[in-house]
Amino acid sequence: MEPPSQNLKTTPLLSLRRFHISEDYGFLLPNPLKELPDQFRPWMEIANELPHLIESRQLQARVNKMPLLSCQGLKSYREQRLAHLVLSFITMGYVWQEGQTQPKEVLPRNLALPFVEVSRNLGLPPILAHADLVLTNWTTRNPERNLDIIVSLPGGESLRGFILVTVLVEKAAVPGIMALVQAVNAILQHRDNSLLRALQQLRLSIQDITRTLGQMHSKRWKDNPAMPVGLTYEGVSTEPLKYSGGSAAQSTVLHAFDEFLGICHSKESADFLHRMREYMPPSHKAFIEEIHSAPSLRDHILSSGNDQLLTTYNKCVEALVELRSYHITVVTKYLITVATKAKGRKPNHLPGPSQALEERGTGGTVVLSFLKSVRDKTLEAILHQSD
Ligand code: HEM
């Protein structure tokens, strides 16, 4: 018989709060701001017109005239996140205004200095990351309460669709994150019934993520950008700095599920995925590390001899394999569409392979073999009664 379950609900909620994870929105920033204090109007005016300024090639001139503002006027965490979002989008536009063939290699100090300052305050890199593109870039349009994005880039409906589906994926993961925390606590408290329920909930959430990812199929894809070799942040360093572009590999969701389920990726894949953690808000990265150091779910299941737990664990793993297989289908379709487009067009800022992966191959082969390896290693986690 299990001990009474009085603290079961409060303990996980406290843990989530410790890592700035919302009970309602998960890793999404709850209710992101759309406006900064008045002194930052020059940034917001540019951000609100960004697609037009880039397409008409006026952005670089506008940025060069922008006043140098200090981030000290940003008071709250949400203001800082909006500032990072806005400056990262302006940076993308500034670098790519003239297209893929002529990226700007130096960022002027009136953009570089505040961007680096706010990045340091947040513990984020000074580049557009998943934390900006998706986690901070959503709002509900009143009165219908439809979802919309806050800042955009050329890429119109395709980009908007990509961001919003990814927001919905993050939202679909929330019950899974709650279940994960419940499961970790259940192991600590030796409550196998609670663990079983949590694993069932986790599986449902993973399946819901796959269904949500299905909405990507209705989108049309165009060509994708590559990142520059490096970017010099004027007034910050004289050497170019290298950063990856925004990628959903920077989403905390699957990192957390992998750690909890004890999935072991190949060294090469793990190295890449670990690098992606540097693009997450530090408290979310700390959450993954906390799960990593929690007692092992797999060891607990094996030593419990509980067949029901073992079967339910395996169903979670299978659901994760299906999610990854489905993602491979989406990426393949995207890569094929991109490959058939003529070269030399202006980038439309949809996610492409990270430079870290693409440097090692062309035409998406390296990316696909990475994604397949990650999927296949997930499958290897299936437990057998004799393990
Ligand atoms: C058209 C839509 C999408 C494309 C083209 C795409 C493309 C890619 C690519 C190229 C990678 C390899 C890593 C990299 O280069 O950054 C990747 C990895 C990844 N993507 Fe996507 N992606 C899409 C949608 C999504 C969505 C909506 C999610 C959900 C959050 C997602 C989650 C991931 C994850 C977690 C990885 C890391 C590999 C793994 O853990 O399995 N992707 N994606």
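No disulfides occur in this predicted model: the count is 0. Two of its cysteines can be placed by their accessibility. C71 has a relative accessibility of 3% and therefore falls under the 20% limit for a buried residue. C316 is likewise classed as buried, because its relative accessible area is 0%.

The metal site is a good place to turn to next. The iron atom of the ligand has H327 as its only protein donor, through NE2 at 2.1 Å. H327 sits in helix α15, which runs over residues 307-340. Helix α15 also matters for the account of the interior. The largest nonpolar core holds 117 residues, and W43, F260 and F287 have the most contacts inside it. The largest share of this core, 14 residues, is supplied by α15. As general background, nonpolar side chains in soluble globular proteins tend to be buried together.

The surroundings of F260 give a closer view of that core. Setting aside residues up to four places away in sequence, F260 touches L180, A183, V184, I187, L199, L202, I291 and L297. Two of these partners, L199 and L202, are also listed among the buried residues of helix α10.

Helix α10 covers residues 192-213, 22 in number, and extends 31 Å from its first C-alpha to its last, close to the 32 Å expected at 1.5 Å a residue. Its buried residues include S194, S205, T210 and T212, alongside L195, L196, A198, I206, I209 and L213. Helix α8 invites a similar check. Its 17 residues (156-172) should span 24 Å at 1.5 Å a residue, and the end C-alpha atoms are indeed 24 Å apart, so expectation and model agree. Helix α8 is mostly covered, with 13 of its 17 residues buried.

A polar residue also appears among the buried ones. Q80 belongs to helix α5, residues 77-96. With a relative accessibility of 14%, Q80 lies under the 20% limit and so counts as buried. Beyond its neighbours within four places in sequence, Q80 is in contact with L74, K75, V118, N121 and L122.

Charged pairs complete the picture, with 13 salt bridges in the structure. In one of them, the side chains of R18 and E290 meet at 3.1 Å, N to O. R18 lies in helix α1 (residues 10-18) and E290 in helix α13 (residues 282-293), so this pair ties together parts that are 272 residues apart in sequence. R18 counts as exposed because its relative accessibility is 53%, whereas E290, at 37%, counts as partly exposed.

A further salt bridge joins the side chains of R57 and E98, again at 3.1 Å, N to O. This pair links distant parts of the chain, 41 residues apart: R57 is in the loop between α3 (50-55) and α4 (59-64), and E98 is in the loop between α5 and β1 (106-107). R57 is partly exposed at 43% relative accessibility, and E98 is partly exposed at 22%.

The side chains of R375 and D376 form another salt bridge, at 2.8 Å, N to O. R375 has a relative accessibility of 19% and therefore still counts as buried, the limit being 20%. D376, with a relative accessible area of 37%, is partly exposed. Finally, E278, K285 and E289 are joined into one network by salt bridges that share partners.

Note on methods:
Residues numbered from 1 in each chain as written. Predicted model: local features only at pLDDT ≥ 70, side-chain atom pairs only at ≥ 80, totals over all residues. Heavy atoms only, no water. Donors = N, O, S within 2.8 Å, 3.2 Å for Na, K, Ca; no water. Helix = DSSP H or I, 4+ residues; strand = E, 2+ residues; numbered from the N terminus. Disulfide = S-S within 2.5 Å. Buried < 20%, exposed > 50% of the residue type's maximum accessible area, 1.4 Å probe, protein only. Expected span 1.5 Å × (residues − 1). Core = buried A, V, L, I, M, F, W, Y, C linked by side-chain atoms within 4.5 Å. Contact = heavy atoms within 4.5 Å. Salt bridge = Lys/Arg side-chain N within 4 Å of Asp/Glu carboxyl O.
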